[in-house]
Amino acid sequence: MIYLQLFVSFLQIGLFSFGGGYAAMPLIQHQVVTQHGWLSMSEFTDLITISQMTPGPIAINSATFVGVKIAGIWGAAVATLGCILPSCIIVTVIARLYLKYRNMAMLQGVLNSLRPAVVAMIASAGISVLLSALWGGAGISLAGTNWTLAAIFILCLVFLQKGKWNPIAVMVLAGGLKLAAALAGIG
């Protein structure tokens with residue numbers, strides 16, 4: 001019975017959590033804290049922290065965490081399956097529809113008009129992260145600039161653009177440079 005409850009609860013979360021992980025948090029909280037009482041509010045806060053620290057989407061990490069806590073490994077598998085099943089079905093249907101209608105002029109027009117919006121959203125997120133990293137959200141000023149991070153950023157850009165380095169290698173290098181700077185007391 002607990003497996004069915006886990007599956008249905010996380011199926012609902014997976015089905016109705018449009019907008020990403022932060023949009024899913026109230027749904028997760030309602031299911032695991034309010035409705036079923038599987039976690040206390042303090043444990044839910046820990047769950048969000050753990051889900052943020054581990055790779056992967058918050059909802060899936062939450063499903064795995066709650067499943068393990070409530071019913072062990074099989075609980076984790078059932079909760080995670082419930083969480084990802086709606087997305088798998090929706091993406092499969094959309095992919096089949098795309099393959100069937102990809103040559104339609106109207107569909108191509110819609111996709112072509114969405115590309116600039118997607119690029120703008122990605123650029124907006126990137127600029128927000130850059131501003132937060134270099135100025136900490138306190139406003140752009142020379143005095144408030146984190147020059148260590150600015151230098152690491154510029155160095156990484158050079159390695160990516162001119163050196164054609166692998167992006168993963170550049171990320172590891174950036175992390176290592178920031179760690180070295182922190183250990184040296186620079187930034």
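**Exercise 1. Work out what secondary structure this predicted model contains, and in what order**.

Start by counting elements: the protein chain has 7 helices and 0 strands. Next, walk along from the N terminus, and the pattern reads α-α-α-α-α-α-α.

**Exercise 2. Decide whether the protein chain is a compact globule or more spread out**.

Step one: take the radius of gyration, which is 22 Å. Step two: get the yardstick, since the globule rule gives 16 Å for 187 residues. Step three: put them side by side. The chain's value is well over the rule's, so the chain is more spread out than a compact globule. For a feel of the dimensions, the C-alpha atoms fill a box of roughly 60 × 50 × 30 Å along the principal axes.

**Exercise 3. Describe how H1 and H4 pack against each other**.

First find the two helices: H1 covers residues 2–16 and H4 covers residues 58–101. Then look at the geometry. Their axes sit 7 Å apart, at an angle of about 35 degrees, and H1 passes H4 in a right-handed crossing. Finally, sort the residues in this contact by class: 20 are nonpolar, 5 are polar and none are charged.

**Exercise 4. Find how much of the protein chain is buried, and what its surface is made of**.

Begin with burial, using under 20% relative accessible area as the cut-off. By that test, 22% of the 187 residues are buried. Now turn to the outside: the accessible surface is about 12200 Å², and carbon and sulfur atoms own 74% of that.

**Exercise 5. Work out what share of the contacts links residues 24 or more positions apart**.

Keep just the contacts with a separation of 6 or more; residues 24 or more positions apart make up 44% of them.

Technical notes:
Residues numbered from 1 in each chain as written. Predicted model: local features only at pLDDT ≥ 70, side-chain atom pairs only at ≥ 80, totals over all residues. Heavy atoms only, no water. Axes fitted to C-alpha atoms, helices over the stretch in contact; angles between N-to-C directions. Helix = DSSP H or I, 4+ residues; strand = E, 2+ residues; numbered from the N terminus. Left-handed = near helix turned anticlockwise from the far one by under 90°. Nonpolar A, V, L, I, M, F, W, Y, C, P; charged D, E, K, R; others polar. Rg over C-alpha atoms; globule rule 2.2 N^0.38 Å. Buried < 20%, exposed > 50% of the residue type's maximum accessible area, 1.4 Å probe, protein only. Contact = heavy atoms within 4.5 Å. Areas by Shrake-Rupley, 256 points an atom, 1.4 Å probe, with all protein chains shown as cover.
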